[in-house]
Amino acid sequence: MNAYSPPKKSNFSGVSEMKKLAVIYHSAHGHTEHIAQHIAEGARDIPDTEVHLVRAEELTSQPNNLLEFDGLLLGSPTYLGGVSGTFKNFMDSTGGLWRTQQLKGKLAAGFTVSSLPAGDKQSTLISLFTFCMQHGMLWSGNPILPEQHRGVPYDEAANRLGSWSGLMAQAGHSSAADAFVAGDIKTARMFGRNFAETAHRISNETQN
């Protein structure tokens, strides 16, 4: 596996106030958590961005904690074509917030991991998207162009799996938690940075 070489930091200069973001995830075997950590690191590359890693199961009994964040990055492994049961429990616990639309207008994005290149991960992202739309949130997709089209070796390419609705990553079913190819790690970092940039840009445009 090739070592990850961090891309240049963003030259985004429109930051004016602190943004508080949450990377909310469930991870049974550590793979989704590993991707979540890199997403968080990428988001922290943007100045004035505070990023918290939060396990979905910790929020199930305290969904109102979501209100303190400006943006939510939601991540689940793909199990049988959808989010895990643990993550679904978290989603269902937000019913009270849905009835009062208290999450309306918050920025959101989704990511998922499976053991196969396809693995029906799109179904998981659609589930996350639908959840966020029902809450009135704003969805941020994955604008990263697949780098293999520019001659970058497949395993090193950003967005090598070609997902635009959210972030997809792949790791073998019985592999170590950090057993991702360099391209997936690079994509996670870029995905986090893009989300943080978007959160700041939306805030600045609203204020102007």
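Is E147 buried or exposed? Select E147 and find out: with a relative accessible area of 11%, E147 is buried, because anything under 20% gets that label. Keep in mind as you click around that this is a predicted model.

While you're there, add R150 to the selection. The two side chains form a salt bridge, with 3.7 Å between the closest N and O atoms. Unlike its buried partner E147, R150 is exposed, at 62% relative accessible area.

**Zoom out**

Now show the whole chain as a cartoon. You should be able to pick out 6 helices and 6 strands. Trace them from the start of the sequence and the order reads β-α-β-α-β-α-α-β-α-β-β-α. The radius of gyration is 16 Å, close to the 17 Å that the globule rule gives for 208 residues, so the chain is as compact as a globular protein of that length. If you like a box around things, the C-alpha trace spans about 45 × 40 × 25 Å along its principal axes.

Switch on a surface next. The chain exposes about 9500 Å², and carbon and sulfur atoms supply 51% of that area. Of the 208 residues, 51% count as buried. For the contact-map fans: take contacts with a separation of 6 or more, and 79% of them come from residues 24 or more positions apart.

**Colour by charge**

There are 17 positive and 19 negative charges, and the mean positions of the two sets are 3 Å apart. The structure holds 10 salt bridges, so let's visit a couple more, using the rule that a side-chain nitrogen of Lys or Arg sits within 4 Å of a carboxyl oxygen of Asp or Glu.

Select R55 and E33. Their side chains meet in a salt bridge at 3.1 Å, N to O. R55 lies in strand β2 (residues 49-55) and E33 in helix α1 (residues 31-44), so this pair ties together parts that are 22 residues apart in sequence. R55 is partly exposed, with a relative accessible area of 30%.

Stay on helix α1 and pick E41, then R189. Here the salt bridge is 3.2 Å, N to O. R189 lies in helix α6 (residues 182-207) and E41 in helix α1, so the pair ties together parts that are 148 residues apart in sequence. E41 counts as partly exposed at 34% relative accessibility, whereas R189 counts as buried at 11%.

**Last stop**

Which residues join E41 and R189 in a network of salt bridges? Add D45 and R193 to the selection: salt bridges with shared partners link E41, D45, R189 and R193 into one network.

Terms used: Residues are numbered from 1 along each chain as its sequence is written. This is a predicted model: local features need pLDDT of at least 70, side-chain atom pairs count only at pLDDT 80 or more; totals for chains, interfaces and linings use all residues. Side-chain values use heavy atoms; hydrogens and water are left out. Helices (H or I, at least four residues) and strands (E, at least two) are DSSP runs, numbered from the N terminus. The radius of gyration is taken over C-alpha atoms; the globule rule is 2.2 Å times the number of residues to the power 0.38. Buried means under 20% relative accessible area, exposed over 50%, partly exposed in between (1.4 Å probe, protein chains only). Contact means heavy atoms within 4.5 Å. Accessible areas come from the Shrake-Rupley method with a 1.4 Å probe; for residues, only the protein chains shown count as cover. Lys and Arg count as positive and Asp and Glu as negative; His and the chain ends are not counted. The place of a charge is taken as NZ of Lys, CZ of Arg, CG of Asp or CD of Glu.
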